[in-house]
Amino acid sequence: MVSVLQKERGYMLEDLQHKYEEIISNDVEHEQLLIGCMLSDEVAFEQAAKILKIDNFAIKHSKHIFHLLQSAYEKGEDKAYCNQKLNSITETDWKSIDSSMRLTRQEYVTTSLTKAITIPKIEACVESMLKKMQAQYIRRTMYAR
């Protein structure tokens, strides 16, 4: 027989899982926007590469792209080099990062860039986005325990 305490614990775990999934869905939006900003704006590229860590990203594809961008920044490479590196990722490699991703590499990048284009002053928004990314990371770690 299931005790009341076990039922409550089950409900709490379901609530935590639901909250974690809600946080992750917000992460997708933030991460794609930030990746788009990094790919389209040199200042955003530098700011994010200096401040964020790979663990600030929740989505495996965003982590992979950020790793490429950050590595290029640390080597003194520019955005054009990053775009070349990004374009060299084959669809097979892209799927191997996370097979559950429904978007192709090109669709992911295009969506990210489209989101960034909607921001009138990218440089002014990047600092706010970086803070959101760091806050989301903290929220994820709290709910993932």
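**Exercise 1.** In this predicted model, determine which residues of helix H3 meet which residues of helix H4, and describe the contact.

*Solution.*
Step 1. From H3, the contact uses Ile65, Leu68, Leu69 and Ala72; their partners in H4 are Tyr81, Cys82, Lys85 and Leu86.
Step 2. Sorted by class, this contact holds seven nonpolar residues, no polar ones and one charged residue.
Step 3. The two helix axes come within 10 Å of each other and cross at roughly 145°. The crossing of H3 and H4 is right-handed.
Step 4. An α-helix has 3.6 residues a turn, so residues three or four places apart point the same way.

**Exercise 2.** Check whether the span of H3 agrees or disagrees with the expected value, then list the buried residues of H3.

*Solution.*
Step 1. H3 covers residues 60–74, which is 15 residues.
Step 2. At 1.5 Å a residue, H3 should span 21 Å; the C-alpha atoms at its ends are 21 Å apart, so the two agree.
Step 3. Taking buried as under 20% relative accessible area, the buried residues of H3 are His61, Ser62, Ile65, Phe66, Leu68, Leu69, Gln70 and Ala72.
Step 4. Just after H3, Gly76 has a positive phi of about 85°.

**Exercise 3.** Find which residues of the largest nonpolar core touch the most other members, and which element gives the largest share.

*Solution.*
Step 1. The core has 31 residues, and Leu34, Cys37, Leu52 and Leu69 touch the most other members.
Step 2. Elements giving two or more residues to this core include H1, H3 and H4.
Step 3. H1 supplies the largest share, six residues.
Step 4. Leaving out residues up to four places away in sequence, Leu34 touches Ala48, Leu52, Phe57, Met129, Leu130 and Met133.

Key
Residues are numbered from 1 along each chain as its sequence is written. This is a predicted model: local features need pLDDT of at least 70, side-chain atom pairs count only at pLDDT 80 or more; totals for chains, interfaces and linings use all residues. Side-chain values use heavy atoms; hydrogens and water are left out. Helices (H or I, at least four residues) and strands (E, at least two) are DSSP runs, numbered from the N terminus. The expected span of a helix is 1.5 Å times one less than its number of residues. Buried means under 20% relative accessible area, exposed over 50%, partly exposed in between (1.4 Å probe, protein chains only). Axes are lines fitted to C-alpha atoms, for helices over the stretch in contact, and angles run from 0 to 180 degrees between N-to-C directions. A crossing is left-handed if the near helix is turned anticlockwise from the far one by less than a right angle, and right-handed if clockwise. Contact means heavy atoms within 4.5 Å. Ala, Val, Leu, Ile, Met, Phe, Trp, Tyr, Cys and Pro count as nonpolar, Asp, Glu, Lys and Arg as charged, and the others, Gly among them, as polar. A nonpolar core is a set of buried Ala, Val, Leu, Ile, Met, Phe, Trp, Tyr and Cys residues joined through side-chain atoms within 4.5 Å.
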